[in-house]
Amino acid sequence: MASLRTATPRLKSYFRDNYIPQICEALLCGLLVTCPEDPLKYLEQMIKIIINNGLENLLWDMCIDPSLKPKIRRLSETYLEQLFGLDEQLVTPELMLKACTFYTGRLVKSHFGGWKEVTIPRANQEAILAEKMGRAIAHDNRRCQKLAFIRWFTYVENSKEKIMASLLRLRQMYYLHRQRIVLTKWREIARQKSKRREDELILKHELQLKRWKFKLKSKVAEEKHFSMELSFSDDATLDMEFDITALPQQAILQIFLYLTLKDMIMCSQVCRSWMAMIQQGSLWNAIDFSTAKDITDKRVVSTLQKWRLTVLRLNFRGCLFRTKTLRAVSHCKNLQELNVSDCPSLTDESMRHISEGCPGVLYLNLANTTITNRTMRLLPRYFHNLQNLSLAYCRKFTDKGLQYLNLGNGCHKLIYLDLSGCTQISVQGFRNIANSCTGIMHLTINDMPTLTDNCVKVLVAKCPRISSVVFIGSPHISDCAFKALSSCNLKKIRFEGNKRISDACFKYVDKNYPNMSHIYMVDCKALTDCSLKSLSLLKQLAVLNLTNCVRISDFGLKQFLDGPASLRLRELNLTNCSLLGDTSIIRMSERCPNLHYLNLRNCEHLTDLAIEYMANMLSLISVDLSGTFVSNESMVILSRHRKLRELSLSECPKITDLGIRIYCKTSLNLEHLDVSYCPQLTDDVIKTVAIFCTRITSLNIAGCPKITDGGLEILSAKCHYLHILDISGCILLTDQVLQDLSLGCKQLRILKMRFCRSISGVAAEKMSFQVQYQEYSSENPPAWFGYDSEGNPLAQTHSRTHIRGHSELLAKESFSSDEESSDSKSK
């Protein structure tokens with residue numbers, strides 16, 4: 001072993017504790033000096049001597065004969081420490097000599113210098129001492145000054161920070177105080193301005209109401225005075241403040257486009273100038289005979305003959321004209337749209353004349369007529385460009401009639417087809433449709449209980465361009481039909497009242513229907529939260545209707561809203577989804593920036609927290625909270641949303657007149673209000689609506705027994721744009737109401753007054769000539785209204801099954817979602 005410098009500490013400690021270097025040094029020195037003949041025997045003897053003497057007494061020359069020991073004193077304890085690497089530094093004799101010389105010289109110099117200073121006194125000792133003392137004093141002064149400056153600087157900095165903090169606090173307090181003063185004054189001024197505005201509106205309302213009452217009283221006198229003036233001079237002309245003929249031709253045209261056929265005929269009899277204005281051909285492009293109930297057959301024939309080259313659209317829906325009158329349609333050579341639905345006088349012979357004279361028809365509605373296979377044979381022969389065809393509830397044609405659609409040029413350009421209620425059609429009939437109408441895109445099949453999955457598969461096999469399907473009242477349709485439609489580029493689908501549709505149909509909806517934009521799954525109770533999770537991947541989804549899907553909860557709706565489908569969602573209907581709560585509305589306010597229509601009818605778990613988040617959804621224009629427990633506090637919160645145009649609060653027992661008043665004060669753009677079946681409301685609601693919501697077009701106060709003639713008189717005097725009114729169950733209303741409505745609400749089109757026992761049948765019949773649609777009955781309110789014939793609440797609460805009538809459907813027409821254009825025409 002040459003060196004132990006890299007050895008472990010344990011090995012080095014072993015060598016040092018057992019004197020291994022010293023033993024080796026003594027043995028080697030003995031061998032080198034003595035040079036014995038037998039080294040091994042010599043080493044054995046020496047080791048025994050060392051053992052006997054002890055390791056503590058070991059010397060380096062112990063193994064050397066005394067006569068041979070060197071005379072020079074050694075400088076190191078051992079020479080083998082360097083060999084074994086046990087010492088850090090080995091001092092050689094040369095280095096030792098230099099070190100001793102340097103140390104000795106240093107000692108002599110230091111001692112000599114000290115002796116010199118002591119023995120030889122300096123001459124300027126006092127000056128040097130004074131200089132040192134001065135330096136010491138200056139140093140001490142600088143040290144004290146530095147310490148004092150540091151303390152002073154720290155104090156100044158802390159004082160500055162405190163002063164700045166105090167100034168900032170004072171400034172903040174000043175600003176807060178000033179803002180509080182400004183806000184207080186602003187609130188006071190705003191309150192005064194609101195009160196002044198409200199007082200002005202009320203004063204204006206009272207003045208207008210007085211003029212209205214005066215106008216109502218003097219109506220008969222004015223009519224008599226006017227008739228006397230006419231009889232006094234037949235040639236006399238009435239002075240007019242403004243002549244409509246002075247307007248530009250385009251402006252006159254836009255004005256007359258709003259008139260009905262009856263109004264147009266009356267205007268043509270005013271004078272020659274008005275007759276000339278009515279003669280513009282563009283005014284007669286579309287003629288609607290369904291609104292003119294008292295027009296004669298002779299007038300219809302003469303009108304069609306006169307404008308036969310101009311008319312493009314004709315509507316005979318529900319008309320009771322003679323068969324010969326309908327034949328006059330054949331004079332309109334350029335006719336493109338014809339609606340003869342619900343016409344009992346339409347026959348195959350009439351359709352033969354029409355088809356021969358009007359080959360350019362694109363839209364044809366034959367719903368609920370008595371046509372047979374003869375008419376079906378005429379369609380492909382003459383209507384080569386037919387695109388929209390409605391055969392809803394036409395049950396006298398057979399499968400063979402559908403086979404005729406493939407004759408000749410056929411109806412291959414057909415895009416929309418409505419076969420609702422045609423229960424006589426079998427699978428063979430659907431096969432005939434698939435063979436003849438391969439280009440069909442929109443298919444509507446409602447009220448077909450015999451419709452099966454095989455019928456759908458037959459249609460899909462030959463009609464791959466289908467993009468919209470409607471299956472309402474078809475309980476046998478299942479997931480298989482939905483799967484078969486995956487081969488089409490489906491965009492709109494509608495199922496209603498189907499219990500066989502389950503979550504499986506939406507499992508791969510994002511892959512099979514990537515362009516799906518409208519989904520209506522009404523009353524499909526098998527759908528759960530899993531369906532919503534699958535629908536969340538549809539990036540084009542705009543309308544989702546899940547009415548009566550009672551198994552949907554907050555968890556499923558949250559999964560749907562977290563997906564990309566919520567970003568473009570425009571309409572969401574969650575009627576009767578009673579498991580939903582505030583959590584869904586909170587998430588909806590964060591993820592639905594484009595939501596316009598929200599229906600939460602009968603979602604009973606909603607609280608004021610949900611209304612608060614709903615008020616922050618500025619994109620909303622229509623909200624339905626019917627059947628919920630929203631209160632007046634909720635209306636205060638909702639009043640912050642000033643862009644709502646539709647609000648439904650039907651069957652909300654906690655809403656009072658105060659809540660409606662607070663909301664209407666800030667909702668001047670409100671156009672549709674539904675407060676039906678809220679028996680606690682009074683005439684104050686009608687007065688509030690009349691004062692603040694003068695733009696209202698639809699009002700539903702059915703089931704409000706405290707409404708009187710005075711409230712409706714105020715409404716008639718102020719709301720001249722009212723189109724739809726439902727006063728069913730308002731038992732205190734009398735014939736005076738109809739007189740007020742006929743005078744003030746000239747644009748009223750739909751009037752429902754069922755269970756109004758104080759309104760006579762004579763007045764109702766007279767009113768029916770002024771509106772397009774009317775419902776009337778003088779019976780007592782049924783028990784499910786919640787009160788008796790005197791307006792007293794019933795002790796027993798009856799379950800209300802409110803059926804959505806025709807008027808409610810039309811009330812939503814101006815703000816509904818994008819339905820198929822063909823569907824709207826068929827209706």
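This passage describes two helices with buried faces, a buried leucine and a nonpolar surface patch. The model is predicted, so that local features require pLDDT of at least 70 and side-chain atom pairs count only at pLDDT 80 or more, whereas totals for chains, interfaces and linings use all residues. Residues are numbered from 1 along each chain as its sequence is written, and side-chain values use heavy atoms, with hydrogens and water left out.

In helix 22 (residues 582-591; helices are DSSP runs of H or I with at least four residues, strands are runs of E with at least two, both numbered from the N terminus), the buried residues are Asp582, Ser584, Ile585 and Met588, where buried denotes under 20% relative accessible area, exposed over 50% and partly exposed in between (1.4 Å probe, protein chains only). These residues line one face of helix 22, because they fall within an arc of 155° down its axis, the arc being that of the directions from the helix axis to the C-beta atoms.

In helix 25 (residues 657-666), Asp657, Gly659, Ile660, Tyr663 and Cys664 are buried; they lie on the same side of helix 25, since they cover an arc of only 160° around the axis. These buried residues pack against helix 24 (632-638), strand 15 (646-648) and helix 26 (683-692), contact meaning heavy atoms within 4.5 Å.

Leu638, located in helix 24, is buried with a relative accessible area of 1%. Beyond residues up to four places away in sequence, Leu638 touches Ile611, Ala615, Leu625, Leu644, Leu647 and Tyr663, and its C-alpha atom is separated by 6.9 Å from that of Glu612, 26 residues apart along the chain.

By contrast, Met164 in helix 6 (residues 125-217) is partly exposed, with a relative accessible area of 47%.
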